[in-house]
Each structure stands twice: as structure tokens, then as C-alpha cells.
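Dear colleague,

I am handing over the structure below, together with some notes on what was found in it. Please read them with the coordinates open beside you.

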Amino acid sequence: MKLEFPVENTVKTRSSIRTYEDKPIDAKVKKQIKDYMAALSNPFSVKVSLQLLETAASNEKMGTYGVIKGAKDYIGSMVSESELNLEALGYSFEKLILYLTNLGIGTCWLGGTFNRNQFSNALEVKEKDLFPAISPIGYPAGKKRLADTLIRKFAKSEQRKNWNELFFLNDFSTPLTQEEAKEFAFPLEMVRLAPSASNKQPWRIIKAQDGFHFYEAKAPGYSDKMSFDIQRVDIGIAACHFHMAALEKDLPGNFEKLTNVGIVPPANTYYIFSYILS
Ligand SMILES: Cc1cc2nc3c(=O)[nH]c(=O)nc-3n(C[C@H](O)[C@H](O)[C@H](O)COP(=O)(O)O)c2cc1C
């Protein structure tokens, strides 16, 4: 199936952009982005609200603790309380980010380093809604700032875990090889290259008889300061990359939360959902 963006090239092109050019996004392109946002859906039947915040005309400077420079527009993401809500948010927002990447627009997932109160007022977030993340959007500046380079170095943003730490066959004791993954080596590789909070890469995937089981390897204490588990957003991002790759290669299946997978996960590792082959 032909998607709105070529998956491999877009996934490999995307990286977190923290320094932006002064150049505004053209009104026509903004309209295209808004239309895409309004039409976005996810396979978890959860309503995710994505909103554009334009700050060019206002005097207020949006707070990102010096992490982001030069951006005038932001996208905020909200969701209400329901099962798989944070995963759905990760999926939908990442799909938008890949679409923007393909348009040459830079983004950066921000789950921590932004003034949540200020953004939540500007976006009129409903009191009961969760407001897990935002992203600036704009044109990437040619030259990175020192702060930018230091953040990337600190998070080891250029690195990714190897296959044998992330993907397994039937249970958690047998690493999955690319040969064994066959045509699914591509969707799994697209997961491996995905962004994640602090680049912790909490995705663990087991290939079983009838599909792929997705688990979250929770970093102990990591989300304790927040009212939600940001690493569940990472699992939704992984689902997006996996699904886009599978759709592009015509490998049909459906995401389902199974009641009994029958696999014992390691400590701090939790079952989230499966991609059941059809
Ligand atoms: C859910 C989520 C939250 C993130 N929160 C922040 C943040 O608060 N501040 C920040 O500078 N980067 C944040 N990042 C960006 C990650 O540090 C980045 O994706 C990772 O280091 C990999 O680098 P890359 O995106 O350039 O591939 C976040 C990423 C994700 C997926």
C-alpha cells in the first residue's frame, strides 16, 4: 500500500530538532498540516486531540527551559482517561511527525522540558485531560547550538540498542534474528530506529506463532514525577513505526490487547498489546 510518506527514508531522516530557522511555515503548508491533523486516526479507537499553537503574533515567549530555540509554532497532544490512551497518543502524534518530516519540517517530542502550565493555558487543555507532550514545528536551522549538541550527547541520541536486546522469539530467553523475523525484519528495524523519551528504548517485542507481542520495559522510577507513564507513549510510537512499515509492505494484521499471552516477562516488563497477523 502506498502511504503519504516513504517509511524507511522518513524514519531514517527524522531526528529531534531543537534549533529552528526564523522562516515561518507558509500558510498553505499550515493548512495542509491542519487537514492532516484533523483526519488522523489510530488503531486503538481512542480519540487523540492534536492542536496547533501559533505564537508569532503574541508577545508571550513559550517556555522550554532553553531546550528549543527559534520555533514559533507548536503542536500539543491531549487525551482523556481510557485504556491504551497514551499508546494511541504516541501512535497518532508520531504519524503526524513522520508526515511533517517528509515535508521538510523539523519536530522534537517534548514530554518533560516544557512549561506545562503555560502551554496548557494557551492550548485550553480540559481539566480532566492528560497533556503528555508537545512538539515545536518549523524549519531546522543549519547550525546546532551548544545546548542542542549537549542534550543529544547526554541522551546518547545517535545510538540504538541492538536487535538481541529488543526482539525475541516465543519467550524472553531467545533473541530473534533478522533471518527468523523474515519479512517482519523491516517493521522491527523501523521500531528500533524510533525516538523515545531520554532515548531509553523501552520497547520489547516477541515474535510468536500468530503475531507479535509488544511489551514495555519500564525504567524504574522514570515516570514517578508525572501523573502518567511517558514510556507508554514510546510504545505507541513503536506501534506507529511497525504499522506504517507493515502497511507499506502489505503485511496485514490488527492490534489487539490479549487477555492471556502465556509468556512470563522479566522484572519491570509489562505486556501492552499484540499485532495479530490476518
Ligand atoms: C515521549 C518522548 C518525550 C521526550 N521528551 C523530551 C524532552 O522533554 N526534552 C527533550 O529535549 N527531548 C525529549 N525527547 C527526545 C528524545 O530525547 C529523543 O527522541 C532521543 O534522544 C532520540 O533522538 P532522536 O529523536 O534525535 O532520534 C522525547 C522523546 C519522546 C519520544
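In this predicted model, four strands form an open sheet whose order is 1-2-4-3, with antiparallel pairing. The edges of that sheet are strand 1 (48–54) and strand 3 (106–107), each of which pairs on one side only. Strand 1 is joined to strand 2 (residues 73–79) by seven bridges, again in the antiparallel sense, and if you wish to check the register you may start from S49, whose bridge partner in strand 2 is M78.

As for the chain as a whole, its secondary structure comes to nine helices and nine strands. The radius of gyration is 18 Å, close to the 19 Å that the globule rule gives for 278 residues, so the chain is as compact as a globular protein of that length. The C-alpha trace spans about 55 × 40 × 35 Å along its principal axes, and buried residues account for 40% of the 278 residues. If one takes the contacts between residues at least 6 apart in sequence, 77% of them join residues that are at least 24 apart.

The chain is divided into two domains, domain 1 (7–152) and domain 2 (155–277), and their C-alpha centres lie 23 Å apart. The contact between them takes 23 residues from domain 1 and 26 residues from domain 2. On the side of domain 1 that touches domain 2, the elements giving two or more residues are helix 1 (7–13), helix 3 (85–102), strand 4 (130–138) and helix 5 (146–154); of these, helix 3 gives the most, with nine residues. By residue class, that side of domain 1 divides into 15 nonpolar, three polar and five charged residues.

Which residues are closest to the ligand? They are W109, G111, G112, S157 and P195, within a shell of 22 residues that surround the ligand. Both domains take part in this shell, since at least three of its residues are drawn from each of domain 1 (7–152) and domain 2 (155–277). The largest share, four residues, comes from helix 9 (residues 230–248). In composition the shell around the ligand divides into 12 nonpolar residues, nine polar residues and one charged residue, which may be useful to have at hand when you look at the ligand in its surroundings.

With best regards

Terms used. Residues numbered from 1 in each chain as written. Predicted model: local features only at pLDDT ≥ 70, side-chain atom pairs only at ≥ 80, totals over all residues. Near = placed C-beta within 6 Å. Nonpolar A, V, L, I, M, F, W, Y, C, P; charged D, E, K, R; others polar. Domains from an automatic or database assignment. Contact = placed C-beta atoms within 7 Å. Pairing = 2+ DSSP bridges. Rg over C-alpha atoms; globule rule 2.2 N^0.38 Å. Buried ≥ 20, exposed ≤ 12 C-beta atoms within 10 Å, placed from the backbone.
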